[in-house]
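Colleague: I would like to go through this model with you. Can we start with the overall layout and then move to the details?

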Amino acid sequence: MTTAEIEQSSKLREQIRQILNSQSQPTVTVLSSLIAVQDSIHYLPDEAIKEAATYCGSTINEVWSVASFYTNFRFTPPGEKTLDVCWGPSCHLVGAQQVLDAVQTALDIKEEGESADGKVTLKYNTCLGACAQGPVIAIDHHLIGKQTPESAAKIARDLRGLDN
Amino acid sequence: MPITFEQLQARAKKRWEELTSGENAWIRVGGGTSGQAAGADAVLDAFKSSVESAGVDANVSMVSAMGLMYLEPQVDILMPNGARVFYGNVEPEEAQAIVEQHVKNGEPLISRAFAYSGGDGTAVGNLPKLASMPMIALQQRIATRNFGDTDPHDILQYIANGGYEALNRALTEMTPAEIVDEVKAAGLRGRGGAAFPAGVKWSFLAPSDAPVKYVLCNCEEGDPGAFNDKGIIENDPHTLVEGLIINGYATRSTNGYIFIRTGHELPIESARKAIAAAYEIGLLGKNILGTDFSFDMEVSLTGDSYVAGEETALMEAIEGKRSTPRFKPPFPAAAGLWQKPTNINNVKTLAYVPEIVRNGSDWFKGIGTETTSGTAIVCLSGHITYPGMYEVPMGMTIRDVLEKIGGGVSEGEYIKVLQAGGPLNGLLGEDAFDTMIDFDAMSAAGASIGSGGIIVGNETTNVVDLLRSLIAFNQFESCGKCFPCRLGNTHMLEILDRMCQNKAKSADLALLERVGTSMKAGSLCGHGQLGFNPIASALKYFGDEIKSCLNGEIAPGGVYGDGTMILPTRTRP
C-alpha cells in the first residue's frame with residue numbers, strides 16, 4: 001500500500017470504530033455491528049471485518065462467516081442509488097421477470113451489480129413486502145409499486161440521468 | 001410517584017377527543033409499506049400544503065393502513081358532524097380540490113369518494129356505508145382492530161382505544177398462571193405456520209426459575225405473498241408490544257426481542273418508536289405500572305436470510321451468528337437464546353393476546369371453528385381484483401375470501417391456481433377452493449394457512465413456471481447446513497428449468513420425487529423438510545399439466561422469454 005492508501009485506510013477504520021461505538025440498542029453482536037456499518041457506509045470494506053472482530057472480541061474468520069452468509073451484505077461500494085427489483089413468486093405472477101429484463105436493458109447489465117457509469121446498483125430482492133402493489137421495485141429501500149417494464153425502465157434511466 | 005394507568009387513560013382520552021371532536025377536520029392518510037409503494041408519502045405532503053394554502057384548520061396525519069390496498073393511497077376526512085368520508089386511489093394533484101371543497105366548503109367530493117362511516121345518520125350523497133362493503137362487513141378485526149383509525153406512532157391514540165387495558169388488568173388482577181390458563185382456554189394456536197397451542201408453549205417456559213428468560217417475537221416474514229406480520233408492526237405496533245409484555249409476565253420472563261429483517265424500514269421504525277414510547281410512560285422497564293414486574297424489550301435486526309425465521313436459527317441470528325437451525329433437543333424452553341430458557345411466537349399470535357386478556361377466553365373461543373379459534377389475517381395478491389389484507393373468522397371458505405372479499409379474478413377469465421401459506425406450502429387448484437380456512441382443513445387439502453398469504457394466479461398462469469419461481473426462492477434461501485436441502489433444491493430447480501425450456505425427459509418426474517423424499521428425510525428444519533410441498537401439491541391438482549411438460553408440450557400460458565429465468569447467482573458459502 002502507498003502512504004496515501006494507508007492513511008485512507010486508517011481514516012476508514014476510525015470512521016468504522018465510531019459507527020460500531022454508536023450502536024444504541026442494548027444487544028450488540030457481530031451481526032448488529034455489520035448491519036450498522038453497512039447502513040452507514042453502504043458496504044463492508046476489509047477494515048469493517050477487522051474492526052468488527054476487534055470490537056466484538058471475535059475472530060476475522062467468524063466475522064467473515066457471518067458477513068458472507070447474509071445476502072444483504074456487499075463488499076464493494078455500491079452505485080449512487082440502489083434499485084431493488086422483486087423477483088418473488090407473487091410479483092413473478094404479475095410480470096416481475098419482464099420488469100427485471102427491462103431494467104437490465106436500461107442499465108445495460110446482464111445480472112445484479114453496478115451500471116458501468118456507477119450510478120445504479122441493481123439488486124434482485126426476494127420480497128419487498130408490498131405484494132398487493134406488485135410488481136414492486138425500490139430505490140434505496142423506498143418502495144414503488146405497480147410497475148410495468150416501461151415504467152421501471154424509465155425509472156432506471158432517470159437514475160442514470162439518461163433521456164427517456 | 002409514577003403515573004397511574006388511570007391518569008394515562010385520562011390523558012389519552014383527552015388527546016383522542018381533540019382529534020375527533022370535529023372542531024377541526026381530521027385528514028387521515030393511510031400509510032404502511034403498501035401505502036408507500038402506492039405513493040402515500042406524496043399524497044400526505046400534498047394534503048399538508050393544501051391545508052396550509054387553503055387557510056383551514058385541520059389535522060393531517062399519516063395513520064395506519066386499513067388493508068384495502070387496491071384503494072391506496074387512501075385518504076379519509078372526519079367532519080364536524082362525526083361523518084368520515086373515504087377517498088381511494090388519491091393522486092397528490094387532487095388534494096387541493098378535496099381540501100377546498102370538502103374541508104373548506106363542507107361538501108364532500110362525492111365523485112371521488114367510495115364510502116362513509118359514522119355521522120349523525122344522514123347519508124353522504126349516494127355513498128355506501130363503509131361497514132356495508134363486503135370487504136369490511138365480512139371481516140372480524142381483532143389483531144387489526146385499529147387499522148385505518150390511529151396513528152401508529154402515537155401511544156396515546158392506542159390507549160384511548162382500549163390499549164394497554166389488558167396489560168393493566170393482567171398485572172394488577174391476574175397471576176401469571178391465570179394468564180397462561182386463559183390463553184390455553186382461548187384455544188389460541190400459533191400463527192407462524194406450525195399451529196401449536198400458544199398457551200401450552202408458554203406453560204413450558206413459565207415454571208423455570210432461571211434469573212434471565214427470554215420471550216421472542218418473530219417478524220422475519222420473508223414469505224413472498226405475506227405482509228401481515230410487518231403489517232401489524234407498522235400499523236399498530238403497540239398491540240404487539242402489549243402482547244409481548246403480557247407474554248413476558250405470564251411466563252415470568254425478563255427480556256423480549258422483536259426480530260425483523262434489516263431493510264424493512266417502516267416496520268423497524270415503528271417497532272423502535274413503540275418500544276421507546278412504552279418505556280417513556282413506564283409500560284416497559286422497571287416496576288411496570290408500579291407493580292414488581294420488570295421487563296425490557298428491544299428490536300433485533302437480522303440480515304437477509306429466510307431461514308432466520310426458523311425458531312432456533314432466529315436465536316442464532318439474535319446472537320449475531322449465521323442463522324442456521326440448531327439440533328433439537330434441547331428445546332428453546334430449556335435452552336434457547338444464549339442457552340437461556342426461551343419462548344418464541346409469531347407477531348400475529350402475540351397480537352391477539354391483549355384482546356384475549358381483555359375480553360376473556362370464551363369470547364375468543366366463540367370465534368372461528370371448533371379446532372381453530374379466532375381469525376386468519378389473509379393477504380391477497382396476484383391476479384385478484386381487490387388485493388389487500390383482511391382479517392376473517394376461521395371457517396370462511398377460500399372461495400368466499402376470493403370472490404366476496406377479493407372480488408374474483410383480475411385480468412383474466414377465472415382463478416386457476418392459488419399459492420397459499422408461503423413458498424414451502426402448496427399450490428391449490430379449483431377443487432380445493434371450497435376448503436375452509438382452518439389449520440386442519442387447509443393441511444388436509446395439501447396447503448397451509450402458514451403465513452396467511454394467498455397468491456392468486458389466473459388461467460394464463462403456467463403452473464410449472466410458478467413452481468420454478470417457488471423452488472428458485474427456496475434454493476436461493478437454503479441456509480446450506482443440510483446437504484439434502486442445499487443440493488436437493490438445486491436439483492429440483494434444474495429439473496424445473498428443463499421443463500420450462502421444453503428439454504425435460506419422462507424420467508425427470510421420478511427424479512423430482514426422489515429428491516423431494518431425500519430432502520424430507522435428511523433436513524434439520526422445515527426449509528428442507530417441507531421443500532417438496534409445492535411440487536407434491538401441484539401434482540395433486542395439476543398433474544396432467546406437469547406431465548405434459550415431460551412429453552415436450554409447452555403448458556398453457558407459456559413462460560417468459562426463452563424460458564430462462566432471471567435469478568440471483570450468489571450463493572451462501
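Colleague: Into which domains is chain B divided?
Modeller: Bear in mind that this is a predicted model. The assignment for chain B starts with domain 1 (22-137) and domain 2 (163-364). After these come domain 3 (375-458) and domain 4 (463-550).

Colleague: What distance separates the centres of domain 1 and domain 4 of chain B?
Modeller: Domain 1 covers 22-137 and domain 4 covers 463-550. Taken over C-alpha atoms, their centres are separated by 47 Å.

Colleague: Why is chain B described as being as compact as a globular protein of its length?
Modeller: Chain B holds 22 helices and 14 strands. For 573 residues the globule rule gives 25 Å, and chain B counts as that compact because its radius of gyration is close to this, at 25 Å.

Colleague: What share of chain B counts as buried?
Modeller: The C-alpha atoms of chain B fill a box of roughly 75 × 60 × 45 Å along the principal axes. A residue counts as buried with 20 or more other C-beta atoms within 10 Å of its own. Of the 573 residues, the buried share is 59%.

Colleague: Which helix gives the most to the largest nonpolar core?
Modeller: That core has 239 residues. Those with the most contacts inside it include Leu34(A), Val85(A) and Cys217(B). The top contributor, with nine residues, is helix 18 (residues 463-477) of chain B.

Colleague: Which residues from 256 to 259 does Cys217(B) touch?
Modeller: Cys217(B) is among the residues with the most contacts inside the core. Its contacts, leaving out residues up to four places away in sequence, include Leu240(B) and Val347(B). Also among them are Gly256(B), Tyr257(B), Ile258(B) and Phe259(B).

Colleague: By class, how many residues are charged on the side of chain A that touches chain B?
Modeller: Here 43 residues of chain A are in contact with 54 residues of chain B. Elements giving two or more residues to the chain A side include helix 2 (30-41) and helix 6 (96-107). By class, that side has 21 nonpolar and 19 polar residues, and the charged ones number three.

Colleague: Which residue stands opposite Val85(A) in strand 3 of chain A?
Modeller: Strand 1 (residues 81-86) of chain A runs parallel to strand 3 (residues 120-125), joined by six bridges. Across from Val85(A) in strand 3 stands Tyr124(A).

Colleague: In which sense do strand 1 and strand 4 of chain A pair, parallel or antiparallel?
Modeller: Leu83(A) stands opposite Ile139(A) in strand 4. Three bridges link strand 1 to strand 4 (residues 137-139), and the sense is antiparallel.

Conventions
Residues are numbered from 1 along each chain as its sequence is written. Chains are lettered from A and ligands numbered from 1 in the order in which they are written. This is a predicted model: local features need pLDDT of at least 70, side-chain atom pairs count only at pLDDT 80 or more; totals for chains, interfaces and linings use all residues. Domain bounds come from an automatic or database domain assignment. Helices (H or I, at least four residues) and strands (E, at least two) are DSSP runs, numbered from the N terminus. The radius of gyration is taken over C-alpha atoms; the globule rule is 2.2 Å times the number of residues to the power 0.38. A residue is buried if 20 or more other C-beta atoms lie within 10 Å of its own, exposed if 12 or fewer, and partly exposed in between; C-beta atoms are placed from the backbone. A nonpolar core is a set of buried Ala, Val, Leu, Ile, Met, Phe, Trp, Tyr and Cys residues joined through C-beta atoms within 7 Å. Two residues are in contact if their C-beta atoms, placed from the backbone, lie within 7 Å. Ala, Val, Leu, Ile, Met, Phe, Trp, Tyr, Cys and Pro count as nonpolar, Asp, Glu, Lys and Arg as charged, and the others, Gly among them, as polar. Two strands pair if DSSP finds at least two bridges between them.
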